[in-house]
Amino acid sequence: MKSNFGLEIKPRKTTEKDSEAEFEQMLIDAGCLGSYMTFVGFLDNEKPKHMKIIDELAREKLYPQWLSNFGKNFWRFKDAPKLEELKEERFRKRAIIIGGGPSLERNKNLLSKAEDYDIFCCDRSLERINIEADYGVSVDAHPTVANYYKNNNYKHAILPATCDPSTVPDKYNFYYIPSIDQQTDKIMQLMTGLPIIISQGNANGVCCALAEWLGYEELVLLGYDLAYEVTEKGVTEETEDQTEDWKFWLDRFKASGASEETIKRAYTQGEHPIFKTKYLSDIVFDAYRMAFYNWVKQTKCKIINASEGGSVFHEKIECRKFEEIIN
């Protein structure tokens, strides 16, 4: 049998009827932790039911790790430069936000022409660009993040206070508190004096929030897909990073024993209304996109999506080709 996007899926042998409970159980069994911190700033009644399940699971699994990392990193905060110093250094008002999406390949060679912009690059795209980013930015607490900084393709690193202790970039490092909950945020800030940034649960989102906090007025998005790319050859299998491998969550959903119909509910296909490119989204990307749109509605920054792909479009976001913007 095939799903609505043409993928062969073997149905679960069961007579049970699909239900909301089965869908939520699939998310739990698959370990969908990726949305935690995504809905900070939302009212409880605005959070989708299934996302609440993911958030609760993530908090249970990840919270001890974050606090342990925070404690191990504590000695660094005293001697590290303050993020506020970057406000004084900043003389440009425009920034490019480089995400981790496959559409980055279309325009990354034009980055050297963007002389009037500072560049914020999510950590795992640092090795994909051929110029030095002004800021490499992380949010994850996993030890694999340390590998993203090994090529030294950045001037400064901006890290969460909860990052794994092994993440020690060679360049000038700055720290922030990735908002977890009101009480935890307050305790961490009182102990460190670090600013609190709502991360939206992913490095793309924290790049935008940091740029806004530092006073940038115009943000241009590149590789900001929040989806998987779909071409005539099918879904792009683009990088080794699990967050870009569309089969990563699919394999976990299948391993959970969920039925074909239940698995299909975790995916949606669409076409970007401006760029006319096709994309495939899953429920984790849906969470990130919803959080990003919530931030977009509140920010005073001008947002231009120049990714030329992906799933991001909104009434407050201008969509243009990157080449037109920098010329």
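Where is the place of V235? V235 sits in strand 9, which covers residues 234-235. Bear in mind that this is a predicted model.

Let's stay with that residue for a moment. V235 has a relative accessibility of 18%, so it counts as buried, the cut-off being under 20%. If you skip its neighbours within four places in sequence, V235 is in contact with Y228, E229, V230, W246 and L280. One of those partners, L280, is 45 residues away from V235 along the chain, yet the two C-alpha atoms are separated by 7.5 Å.

Next comes strand 11, made of residues 278-282. It is largely enclosed by the rest of the structure, because 4 of its 5 residues are buried. Strand 8 (residues 228-231) pairs with strand 11 in the antiparallel sense, and V230 stands opposite K278 there. Strand 10 (residues 267-271) also runs antiparallel to strand 11, with G270 having Y279 as its bridge partner. The hairpin of strand 10 and strand 11 has 6 residues between the strands, and in it K276 takes a positive phi near 60 degrees.

Now for the open sheet. It has 9 strands in the order 6-5-4-3-2-1-7-12-13, and the pairing is parallel. At its edges are strand 6 (196-197) and strand 13 (317-319), each of which pairs on one side only. Further in, strand 7 (residues 218-222) pairs with strand 12 (residues 302-305) in the parallel sense, and L221 stands opposite N305 of strand 12.

Here are the strand pairs with their bridge counts:

| Strand pair | Sense | Bridges |
|---|---|---|
| Strand 7 and strand 12 | parallel | 4 bridges |
| Strand 8 and strand 11 | antiparallel | 3 bridges |
| Strand 10 and strand 11 | antiparallel | 5 bridges |

Which helices lie across these strands? Helix 10 (residues 283-298) lies across strand 7, strand 12 and strand 13, and runs at about 110 degrees to strand 13. Helix 6 lies across strand 5 (172-178) and strand 6, at about 145 degrees to strand 5.

Helix 6 spans residues 182-192 and includes M191. Is M191 buried or partly exposed? Its relative accessible area is 46%, so M191 is partly exposed. Together with F74 and I187, M191 makes a nonpolar surface patch of about 270 Å². M191 can belong to such a patch because patch residues need over 30% relative accessible area.

Conventions: Residues are numbered from 1 along each chain as its sequence is written. This is a predicted model: local features need pLDDT of at least 70, side-chain atom pairs count only at pLDDT 80 or more; totals for chains, interfaces and linings use all residues. Side-chain values use heavy atoms; hydrogens and water are left out. Patches are made of residues with over 30% relative accessible area and no salt bridge: like charges are joined within 9 Å, nonpolar side chains (Val, Leu, Ile, Met, Phe, Trp, Tyr) within 5 Å. Accessible areas come from the Shrake-Rupley method with a 1.4 Å probe; for residues, only the protein chains shown count as cover. A salt bridge is a side-chain nitrogen of Lys or Arg within 4 Å of a carboxyl oxygen of Asp or Glu. Helices (H or I, at least four residues) and strands (E, at least two) are DSSP runs, numbered from the N terminus. Buried means under 20% relative accessible area, exposed over 50%, partly exposed in between (1.4 Å probe, protein chains only). Two strands pair if DSSP finds at least two bridges between them. Contact means heavy atoms within 4.5 Å. Axes are lines fitted to C-alpha atoms, for helices over the stretch in contact, and angles run from 0 to 180 degrees between N-to-C directions.
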